[in-house]
Amino acid sequence: MAAPLDPAAFRDACSRFATGVCVVTARGPDGPSGMTANAVSSLSLVPPLMVVCFALTARTLAAVRHSGRFAVHFLSHEQEDVAGRFASKLPEAEKFDGLDWEERDGVPALAGCLAGIACEVRDLLPGGDHVIGVGEATSLWREDGEPLVAEYVVTQPGIELDGRRLATGTGADLVLWETHGAVRLADPRAGAGDLVTADCD
Ligand SMILES: Cc1cc2nc3c(=O)[nH]c(=O)nc-3n(C[C@H](O)[C@H](O)[C@H](O)COP(=O)(O)O)c2cc1C
């Protein structure tokens, strides 16, 4: 049997895959939940299926299990602050404070995104430290604009970039990603929606 891959090398290689950036929302027992996600894909046209990979630690996964529904929102170029806010571990309700959103088709629907797709859960499959959520699209909404694109997405308790430690572990997720050539850090200790821009030579 081949030797297991080094997890850090695997993560580093996967982080080179540039993707769009989504916010996935769901209604939990106490209100709306939502997280930034890029492990998202369309799966099937007939029936119309979407895939979202949820970390086992994501509070949004509990909300998805509760309501059996989720919404995928494709973020626009102007919504980098929204991506930072939903990548954080702010109290779930606070993530929605001041945002234009409404309950729609059983999911929290955010305004200003390029597209939103409300889904009914069809499967929640095991996937290592993630759960693979398969949802059937039941409604959608669209707006014009340019997509938000990210690369170098890394989620871990402490982050090193080019040998420099940018943040130390807190036990909670810190998320690093790069958009428009700038490195961003979503720090759960930062204030509501704050983006900490790290220096990157
Ligand atoms: C660009 C980007 C992509 C991410 N992709 C995912 C993803 O696909 N799945 C996931 O579970 N977390 C992903 N994360 C991390 C979550 O957004 C983060 O852990 C968040 O705090 C979860 O929030 P919650 O616990 O309120 O659900 C991503 C973060 C960023 C910045």
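Ser41 is exposed, because just 12 other C-beta atoms lie within 10 Å of its own; a residue counts as exposed at 12 or fewer such neighbours, as buried at 20 or more, and as partly exposed in between, with C-beta atoms placed from the backbone. Ser41 sits in strand E4, which covers residues 40-44; helices (H or I, at least four residues) and strands (E, at least two) are DSSP runs numbered from the N terminus. Ten residues along the chain separate Ser41 from Val51, yet their C-alpha atoms are 5.2 Å apart. All of this comes from a predicted model, in which local features need pLDDT of at least 70 and side-chain atom pairs count only at pLDDT 80 or more, while totals for chains, interfaces and linings use all residues. Residue numbers start from 1 along each chain as its sequence is written.

Taken as a whole, the chain comes to three helices and 16 strands. Of its 201 residues, 33% are buried. Contacts (C-beta atoms, placed from the backbone, within 7 Å) often reach far along the sequence: among those between residues at least 6 apart, 62% join residues at least 24 apart.

Back to E4 and its surroundings. Seven strands make up an open, antiparallel sheet in the order E3-E2-E6-E9-E10-E5-E4, where two strands pair if DSSP finds at least two bridges between them. E3 and E4 are the edge strands, each pairing on one side only. On average, neighbouring strands of this sheet are turned by 35 degrees against each other, direction ignored; axes here are lines fitted to C-alpha atoms, for helices over the stretch in contact, and angles run from 0 to 180 degrees between N-to-C directions. Inside the sheet, E5 and strand E10 (residues 130-142) pair in the antiparallel sense over seven bridges, and Met50 has Gly135 as its bridge partner in E10.

Two helices go with these strands. H2 lies across E2, E3, E5, E6, E9 and E10, and runs at about 50 degrees to E2. H3 packs on the sheet too, touching E2 and E3, with its direction at about 110 degrees to that of E3. H3 is mostly covered, with six of its eight residues buried: Val82, Ala83, Gly84, Arg85, Phe86 and Ala87.

The largest nonpolar core holds 35 residues, and those with the most contacts inside it are Cys22, Val24, Val52, Phe70, Ala71, Val72 and Leu75. Elements giving two or more residues to this core include strand E2 (22-28), strand E5 (49-55), helix H2 (59-67), strand E6 (69-74) and helix H3 (80-87). A nonpolar core, for the record, is a set of buried Ala, Val, Leu, Ile, Met, Phe, Trp, Tyr and Cys residues joined through C-beta atoms within 7 Å. In soluble globular proteins, nonpolar side chains tend to be buried together. Setting aside neighbours within four places in sequence, Val52 is in contact with Val24, Ala37, Ala39, Val40, Phe70, Val72 and Gly133.

Val121, found in strand E9, counts as partly exposed because it has 17 C-beta neighbours inside 10 Å. Again leaving out neighbours within four places in sequence, Val121 is in contact with Val64, Gly68, Arg69, Phe70, Gly133 and Gly135. The C-alpha atoms of Val121 and Leu49 are 9.5 Å apart, with the two positions 72 residues apart along the chain.

Strand E7 (residues 101-104) and E8 pair in the antiparallel sense over four bridges, with Leu110 of E8 as the bridge partner of Trp101. These two strands form a hairpin with two residues between them. In E8, Val107 and Ala109 point one way and Pro108 and Leu110 the other way, and all are buried. Such alternation between the two faces of the sheet is what side chains do in a regular strand.

Two backbone details stand apart. Most residues other than glycine have a negative phi, and most peptide bonds are trans. Asp105, in the loop between E7 and E8, has a positive phi near 55 degrees; Asp105 is partly exposed, because 16 other C-beta atoms lie within 10 Å. A cis peptide bond joins Val46 and Pro47, with omega about 0 degrees, and Pro47 is placed in the loop between E4 and E5.
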